[in-house]
Amino acid sequence: MHQVEPIVAYMPFGQVANFKTNSNIPIEKFAIAINSNLKKSIVIKSAEEVDEKFHSRLSCKRKTYRYVINYAKEGTAIYRNLETQIPKKLNINKMKQAIGYFEGEHDFKAFKASGTSSKSSVRTIYKAEIIEKEKDRIWIELTGNGFLYNMVRIIAGTLVDVGLGNIQPEEIVQIIQGKDRAKAGKTLPPQGLYLVKVEYDNLGDRRKNHI
């Protein structure tokens, strides 16, 4: 079984995938071989053999997502499809205050889109932060044991409402406890959403040993 790690070419963000193969291509050349048949928008950075019990999705213990917002008045043409543009003045300090309420184990029913197939909406957020970048950009980063459908984009939309003064930071607690989707912010567009990191426990023990 080969594990591959496709990376979005825009920035060094990563996603892990796995599949079974009977190919005789040496593992150290596997990434090169796959890249020669892929579109230029996808790049395999590395490949390695792992135990057959490994599953790139089910074995995952933590994921980190990033949502990029550009709030400059003039916006940007080059990155228009790579970030969400909100040309309004945002109160970043209040957003930073609000995002802390998402940390911990909560029922995130208010932050899931309709049609979510998950039986439980309880998730644990280990780390939630807003990072200020240059040129009127912010990164909303969330690390958790799992995420509901559109959960990150809805949380980002709720934080934007906080930045605009529509929601007060301390109201996040009531929104989480109320479990009412209508009380949370809107779902922001997919532009700006990135899977930054996928983490596994003892992945090294699952790698296939060679003699």
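A residue counts as buried here when its relative accessible area is under 20%. With that in mind, let's walk through this predicted model, starting from strand 5.

Strand 5 covers residues 60-70, and eight of its eleven residues are buried, so the rest of the structure largely encloses this strand. Its pairings are set out below.

| Partner of strand 5 | Bridges | Direction | A bridged pair |
|---|---|---|---|
| Strand 9 (residues 137-144) | Eight | Antiparallel | Isoleucine 69 with isoleucine 138 |
| Strand 10 (residues 193-200) | Seven | Antiparallel | Threonine 64 with lysine 197 |
| Strand 6 (residues 84-85) | Two | Parallel | Asparagine 70 with glutamine 85 |

Now for the aromatic rings. The model holds five aromatic pairs. One of them joins tyrosine 65 and phenylalanine 147 edge-to-face, with 5.1 Å centre to centre and 85° between the planes. Tyrosine 65 belongs to strand 5, while phenylalanine 147 sits in the loop between strand 9 and helix 3 (151-164), so this contact ties together parts 82 residues apart in sequence. Are these two residues buried or exposed? Tyrosine 65 has a relative accessible area of 18%, which makes this residue buried. Phenylalanine 147, at 16%, is buried as well. Elsewhere, ring pairs link Phe102, Phe108 and Phe111 into a cluster.

Which charged ends sit over the ring of tryptophan 139? The charged end of arginine 66 does, 3.7 Å from the ring centre. That of lysine 133 also sits over the tryptophan 139 ring, 4.3 Å from its centre.

Methods
Residues are numbered from 1 along each chain as its sequence is written. This is a predicted model: local features need pLDDT of at least 70, side-chain atom pairs count only at pLDDT 80 or more; totals for chains, interfaces and linings use all residues. Side-chain values use heavy atoms; hydrogens and water are left out. Buried means under 20% relative accessible area, exposed over 50%, partly exposed in between (1.4 Å probe, protein chains only). Helices (H or I, at least four residues) and strands (E, at least two) are DSSP runs, numbered from the N terminus. Two strands pair if DSSP finds at least two bridges between them. Rings of Phe, Tyr and Trp (its six-membered ring) pair if their centres lie within 6.5 Å; planes under 30 degrees apart count as stacked, over 60 as edge-to-face and the rest as tilted. A charge sits over a ring if NZ of Lys or CZ of Arg is within 6 Å of the ring centre and within 35 degrees of the ring normal.
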